[in-house]
Protein chains: 2
Amino acid sequence: MPADLDTVFSALADPTRRRILSMLLEDDMAVSDVADPFEMSLAAISKHLVILAGAGLITQEKRGRVKWCKLEPDALRDASIWMQSFGQFEAVNLDAFEAFLERELPSDG
Amino acid sequence: MPADLDTVFSALADPTRRRILSMLLEDDMAVSDVADPFEMSLAAISKHLVILAGAGLITQEKRGRVKWCKLEPDALRDASIWMQSFGQFEAVNLDAFEAFLERELPSDG
DNA sequence: TATATCATCAACCATATGGTTGAATATGGG
DNA sequence: CCCATATTCAACCATATGGTTGATGATATA
């Protein structure tokens with residue numbers, strides 16, 4: 001049951017949450033390791049993770065006292081499809097795509 | 001100068017605004033015609049249009065006393081590209097796409 | 001000119017959002 | 001058992017968001 005578009009798009013609207021997602025592209029992470037590079041409280045990050053999980057963009061699994069966060073890229077599917085319905089733009093230009101990632105991923109996801 | 005991802009995603013997070021975008025897929029529209037099918041004030045719709053314009057998703061041009069609204073689908077490009085960076089999902093399945101449009105476009109865009 | 005129409009502005013309101021801090025709740029290790 | 005670690009909870013705060021209404025500013029038309 002995919003989260004609705006409201007939930008997914010508003011989850012994606014926050015730069016902290018997008019940055020978390022891009023961190024999770026590398027590997028699954030514990031909550032406190034997700035929080036480490038941010039200059040905000042662990043509680044704040046914990047709330048962001050709840051929002052990402054509510055949107056289905058991540059899942060969380062507790063093992064011992066550590067809660068692991070895992071990216072769930074499929075949750076982007078419906079939103080992506082929705083965007084393609086406005087897709088008078090041609091299929092993504094791969095050069096532009098790589099340049100974009102180079103530019104955006106390090107800081108903002 | 002494309003609007004940033006924050007702006008685009010939060011513009012897309014509201015169902016009224018997505019519905020407006022799907023109406024504009026059909027044709028350019030005047031502000032009051034956009035407002036017609038909604039059960040909310042013209043002023044509220046006017047604010048939504050300002051937000052869509054701020055995200056670059058539409059442009060507005062005043063001719064006489066009528067302000068025309070036009071969809072600008074290119075503004076979705078960066079956001080779409082960003083989403084594809086999480087694109088472990090394969091290229092959009094066209095059957096699923098059409099089913100999705102059938103399901104979503106009439107009410108919610 | 002007088003009047004109606006198109007759209008925005010300004011002030012206001014309720015609720016949501018994103019952050020804080022300190023206490024509480026597991027769980028693991030010595 | 002005792003203590004440290006991992007995470008969330010609860011209360012709070014400032015600001016943002018999405019709506020309302022009534023006034024206002026342009027423009028078209030009789």
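Is V8(B) buried or exposed? Select V8(B) in your viewer before anything else: the residue has 2% relative accessibility and therefore counts as buried, where buried means under 20% relative accessible area, exposed means over 50%, and partly exposed lies in between, with a 1.4 Å probe and protein chains only.

What you have open is a predicted model, in which local features need pLDDT of at least 70 and side-chain atom pairs count only at pLDDT 80 or more, while totals for chains, interfaces and linings use all residues. Residues are numbered from 1 along each chain as its sequence is written, chains are lettered from A and ligands numbered from 1 in the order in which they are written, and side-chain values use heavy atoms, with hydrogens and water left out.

**First stop: around V8(B)**

Keep V8(B) selected and show the ribbon, where V8(B) is found in helix α1 of chain B, residues 5-12. Helices (H or I, at least four residues) and strands (E, at least two) are DSSP runs, numbered from the N terminus. Now add I51(B) to the selection: V8(B) and I51(B) are 43 residues apart in sequence, and their C-alpha atoms are 9.2 Å apart in space.

**Second stop: the sheets**

Next, select the strands of chain B, where 3 strands make an open sheet in the order β1-β3-β2 with antiparallel pairing; two strands pair if DSSP finds at least two bridges between them. At the edges stand β1 (29-30) and β2 (58-63) of chain B, each with a single partner strand, so one side of each is left without a neighbour in the sheet. Between β2(B) and β3(B), which run antiparallel, there are 6 bridges, and R63(B) has V66(B) of β3(B) as its bridge partner.

Turn then to chain A, where an open sheet of 3 strands has the order β1-β3-β2, again with antiparallel pairing. Its edge strands are β1 (29-30) and β2 (58-63) of chain A, each of which pairs on one side only. The antiparallel pair β1(A) and β3(A) is joined over 2 bridges, and in β3(A) the bridge partner of M29(A) is C69(A).

Stay on C69(A), which counts as buried because its relative accessibility is 1%, and then select C69(B), which counts as buried at 0%. With a disulfide taken as a pair of cysteine sulfur atoms within 2.5 Å, the count over all chains is 0.

**Third stop: helix α5 of chain A**

Select residues 77-84 of chain A, which form helix α5; 6 of these 8 residues are buried, so the helix is largely enclosed by the rest of the structure. The buried residues to colour are D78(A), A79(A), S80(A), I81(A), W82(A) and M83(A).

**Fourth stop: DNA strand D**

Show DNA strand D together with the 21 residues that surround it, of which S32(A), S46(A), K67(A), K47(B) and H48(B) are the closest; a residue is near a molecule or strand if one of its heavy atoms lies within 4 Å of it. Of the atoms of strand D within 4 Å of the protein, 65% belong to sugar or phosphate and the rest to bases.

Which helix gives the most residues to the surface near DNA strand D? That helix is α4(B), with 5 residues. At least two residues each come from α3 (31-35), α4 (42-54) and β3 (66-71) of chain A and from α4 (42-54) of chain B. By class, this surface has 9 nonpolar, 5 polar and 7 charged residues, where Ala, Val, Leu, Ile, Met, Phe, Trp, Tyr, Cys and Pro count as nonpolar, Asp, Glu, Lys and Arg as charged, and the others, Gly among them, as polar.

Now look at individual atoms, starting with K67(A), where a side-chain N or O atom is 2.7 Å from a phosphate oxygen of DNA strand D. The side chain of R17(B) likewise has an N or O atom 3.2 Å from a phosphate oxygen of strand D. At R65(A), a backbone N or O atom lies 3.2 Å from a sugar or linking oxygen of strand D.

**Last stop: DNA strand C**

Finally, select DNA strand C and the 21 residues around it, among which K47(A), H48(A), S32(B), S46(B) and K67(B) come nearest. Sugar and phosphate make up 67% of the atoms of strand C that come within 4 Å of the protein. Here α4(A) gives the most to the surface, with 5 residues. To end, zoom in on K47(A), where a polar side-chain atom lies 2.6 Å from a base oxygen of strand C, and on S46(B), where a polar side-chain atom lies 2.3 Å from a phosphate oxygen of strand C.

Technical notes: Polar contact = N/O pair within 3.5 Å; in protein donor to acceptor, adjacent residues only side chain to side chain.
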